[in-house]
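Welcome! Here is a short guided tour for anyone meeting this structure for the first time.

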Amino acid sequence: MTAHKSDSQIPHKRVRAAKIPPGVYPVFAAKDAARLLRALNDPEIIAQAALVIVSKAEELRIAVLSHVERMAEAARLSNHGEVFAQAHEIRGLAGCAGLVATGRIANTLCKYLDALSRAGAAPEQSVVALHLDAIARAAHAEDEATRLGDTVANELAALVDKKLAEINNSATR
Amino acid sequence: MSGATFDYLTALIVEDNVHMRTLLHSLMTALGLKQVFEATNGEDAFVVMRERKPDLILTDLSMKPVDGIAFTQEVRMSHKSPNPYVPIIMITGHTERHRVEAARDAGVTEFLAKPITAQNLFLRIAEIIERPRPFVRAGDYFGPDRRRRADENYRGPWRRHEDVRSDVEIR
């Protein structure tokens with residue numbers, strides 16, 4: 001029988017790594033880098049760029065609502081992969097659309113579906129349904145970013161943490 | 001607007017969602033970049049990259065048929081890559097730890113979680129200029145040093161087989 005050595009007992013075969021310091025490899029030309037850095041720190045340019053996002057908010061909100069519909073359709077077909085895909089699009093767009101709570105709830109749903117998929121477990125329909133309902137309501141609400149939206153997002157995040165802890169506990173038993 | 005314009009500095013945006021792609025394009029234009037190229041997946045992006053040789057890449061993670069991870073690996077490792085050192089900022093809603101680690105191990109320079117703000121995006125670009133990291137070639141990895149902090153007083157054992165020696169060789 002061969003005795004296995006622990007990692008610390010095995011003599012390491014050193015692989016020589018090449019390290020290429022900054023300055024040796026090309027990034028931006030020095031002149032461009034200095035100008036770009038000035039632009040990146042220019043409050044006027046930052047404000048202008050922030051306005052770009054604000055000006056797209058309505059377009060993004062309509063896109064979010066379209067993804068909410070597609071997510072509901074995927075849920076009706078029990079297509080959890082597509083539910084995840086649509087929730088992922090929502091969490092990416094919602095924040096820039098001013099739909100903060102919607103984005104947070106979509107993120108929690110993604111976290112739940114991703115963890116269960118990796119654990120090879122099926123999601124609970126009730127947990128998915130709660131998130132879908134909350135996302136739809138939040139995305140359509142005029143006052144989405146209110147304390148109520150925050151409360152719902154917090155409660156659902158706590159629910160998902162509890163569900164994932166249950167899965168972890170059962171896996172370690 | 002202060003009117004900074006960059007005639008020759010170019011960026012490539014790789015994003016399958018048209019709304020996010022347009023938004024990122026507009027942000028780069030607001031920054032003053034005149035040449036901003038677009039692709040909707042990693043496969044097309046590599047073609048654009050070879051033709052246009054961008055100075056900066058902003059890429060999403062989930063795309064088909066080639067995602068942002070595979071695209072980053074191709075940029076870093078392929079002999080067809082015109083610039084394996086190009087800064088790559090991965091902008092994604094995927095904040096799960098395993099995905100962030102996959103992005104790091106593919107060789108992204110910076111990681112930015114959606115929802116984005118102009119300030120956060122600009123901070124990531126500034127980080128590339130102000131605190132450039134060394135590139136490391138070790139085993140099957142080529143990309144920015146994945147360790148952001150180096151403790152010069154560290155006297156403990158090396159934790160990785162491929163820990164960098166001080167007398168490194170450059171390819």
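Among contacts in chain A between residues at least 6 apart in sequence, what percentage join residues at least 24 apart? The value is 64%. Please keep in mind as you read on that this is a predicted model.

## Getting to know chain A

Seven helices and one strand make up the secondary structure of chain A. If you follow the sequence, the pattern reads β-α-α-α-α-α-α-α. Chain A has 173 residues, and 34% of them are buried.

## Where chain A touches chain B

Between the two chains, 49 residues of chain A are in contact with 48 residues of chain B. On the chain A side, the elements that each give two or more residues are strand S1 (18–20) and the helices H1 (30–40), H2 (43–55), H3 (57–76), H4 (80–94) and H5 (100–119). That side of chain A holds 27 nonpolar, seven polar and 15 charged residues.

## A strand pair across the chains

S1(A) pairs with strand S6 (residues 135–138) of chain B; the two run in the antiparallel sense, with three bridges. Take A:Lys19 as an example: its bridge partner in S6(B) is B:Val136.

## Two helices that cross

H2(A) also meets helix H5 (residues 118–130) of chain B: their axes come within 9 Å and cross at roughly 130 degrees. The two helices are therefore oblique to each other. H2(A) brings A:Ile46, A:Ala49, A:Ala50 and A:Ile53 to this contact, while H5(B) brings B:Ala118, B:Gln119 and B:Phe122. Sorted by class, six of these residues are nonpolar, one is polar and none is charged.

How values were computed
Residues numbered from 1 in each chain as written. Chains lettered and ligands numbered in written order. Predicted model: local features only at pLDDT ≥ 70, side-chain atom pairs only at ≥ 80, totals over all residues. Contact = placed C-beta atoms within 7 Å. Helix = DSSP H or I, 4+ residues; strand = E, 2+ residues; numbered from the N terminus. Nonpolar A, V, L, I, M, F, W, Y, C, P; charged D, E, K, R; others polar. Pairing = 2+ DSSP bridges. Axes fitted to C-alpha atoms, helices over the stretch in contact; angles between N-to-C directions. Parallel < 35°, antiparallel > 145°, perpendicular 65-115°, else oblique. Buried ≥ 20, exposed ≤ 12 C-beta atoms within 10 Å, placed from the backbone.
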